[in-house]
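I opened the notebook to record what I looked up about charged pairs, cores and rings in this chain. The entries follow the order in which I went through them.

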Amino acid sequence: MLRKRFEKHPAALAKIEARLSALESERAGRSERIEALAATVAQADPANGEKIFLSGKGACLVCHRVGETGGQIGPDLSTIGRIRSARDLYESVLFPSESIARDFDTYEIGMKSSGQVRVGLIREQTARGLELVSLSGQKEEIPHSDVTTLRRIPMSLMPMGLEQTLPAEELRDLVAWLLSRK
């Protein structure tokens, strides 16, 4: 799309081409990294992965629920192994904004009464208004009459860099345990 729009502007197109090539190369590197990590899951210890999740060490527990344990901001992971592969799980942890689970889109809502902007997940939309859940898990009902703008943000509430909170072996064990959740 960018190439088509800038075809009449060669100087700008050259800059765009350079950036697009860099982005395409970065994306290919991401894919290779994910594939390499996913290939190591066979050597993992799922029981240790469960301990890591329950300890809160990787911070998954803050937003995600497994069974009756954990938060309810992100998707429930109780049966994640039925629908996701190791590759999918690694991608979700390493690059959370690449593929956002349905019903977990992030929204920015401008408010008439305060002039402020709120960011979070829209959990429910009723006749009265929108129920917004922030990253901290706080729920807020915003009346429709107070909404000035409503914009989907193509970015996950799950922050990047969470894999840095765990050594590679522990992340592998955690992914293996999640895969076992059927």
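With which residue does Glu-7 form a salt bridge, and how far apart are the closest N and O atoms? I noted first that the model is predicted, and then found that the partner of Glu-7 is Lys-4, with the closest N and O atoms 4.0 Å apart. I looked up accessibility for both residues: Glu-7 is at 47% and so counts as partly exposed, while Lys-4, at 60%, counts as exposed.

**Entry: salt bridges across the chain**

I counted the salt bridges and have eleven for the structure. I then turned to the one between Glu-163 and Arg-33, where the closest N and O atoms are 4.0 Å apart. This pair links distant parts of the chain, since Glu-163 sits in the loop between strand 7 and helix 7 (168–180), Arg-33 sits in helix 2 (residues 10–38), and 130 residues separate them. Glu-163 is buried, its relative accessible area being 13%, whereas Arg-33 is partly exposed at 40%.

I next checked Glu-170, whose side chain meets that of Lys-57 in a salt bridge of 2.7 Å, N to O. Here too distant parts of the chain are linked, with Glu-170 in helix 7 and Lys-57 in the loop between helix 3 (46–55) and helix 4 (60–63), 113 residues apart. Glu-170 has 19% relative accessibility and therefore counts as buried, the limit being under 20%, and Lys-57, at 42%, counts as partly exposed. I also wrote down that Glu-35, Arg-87 and Glu-91 are linked in a network of salt bridges.

**Entry: a buried charge without a partner**

I looked for the surroundings of Asp-146, which lies in the loop between strand 6 (139–143) and strand 7 (147–153). Asp-146 is buried yet has no salt bridge. Why does it have none? The nearest side chain of opposite charge, Lys-112, is 6.3 Å away, and a salt bridge is counted only within 4 Å, so Lys-112 does not qualify. Leaving aside neighbours within four places in sequence, I found Asp-146 in contact with Gly-110, Met-111, Lys-112 and Ser-113.

**Entry: nonpolar cores**

I asked which residues have the most contacts inside the largest nonpolar core, which has 24 residues, and the names are Val-41, Tyr-90, Val-175 and Leu-178. Helix 2, helix 3, helix 6 (86–94) and helix 7 are the elements that give two or more residues to this core, and the largest share, seven residues, comes from helix 7. I followed Tyr-90 further and, not counting residues up to four places away in sequence, listed what it touches, including Ile-34, Leu-37, Val-41, Phe-95, Leu-171 and Val-175. Apart from this core lies another of six residues, among them Cys-63, Phe-104, Leu-121 and Val-133.

**Entry: aromatic rings**

I found one aromatic pair in the structure. The rings of Phe-53 and Trp-177 have centres 5.3 Å apart and planes at 40°, so I logged the pair as tilted. Because Phe-53 lies in helix 3 and Trp-177 in helix 7, the pair ties together parts that are 124 residues apart in sequence. I closed the entry with the accessibility of both rings' residues: Phe-53 counts as buried at 2%, and Trp-177 counts as buried at 5%.

Key
Residues numbered from 1 in each chain as written. Predicted model: local features only at pLDDT ≥ 70, side-chain atom pairs only at ≥ 80, totals over all residues. Heavy atoms only, no water. Helix = DSSP H or I, 4+ residues; strand = E, 2+ residues; numbered from the N terminus. Buried < 20%, exposed > 50% of the residue type's maximum accessible area, 1.4 Å probe, protein only. Lys, Arg positive; Asp, Glu negative; His and termini not counted. Contact = heavy atoms within 4.5 Å. Core = buried A, V, L, I, M, F, W, Y, C linked by side-chain atoms within 4.5 Å. Phe/Tyr/Trp six-rings, centres within 6.5 Å; stacked < 30°, edge-to-face > 60°.
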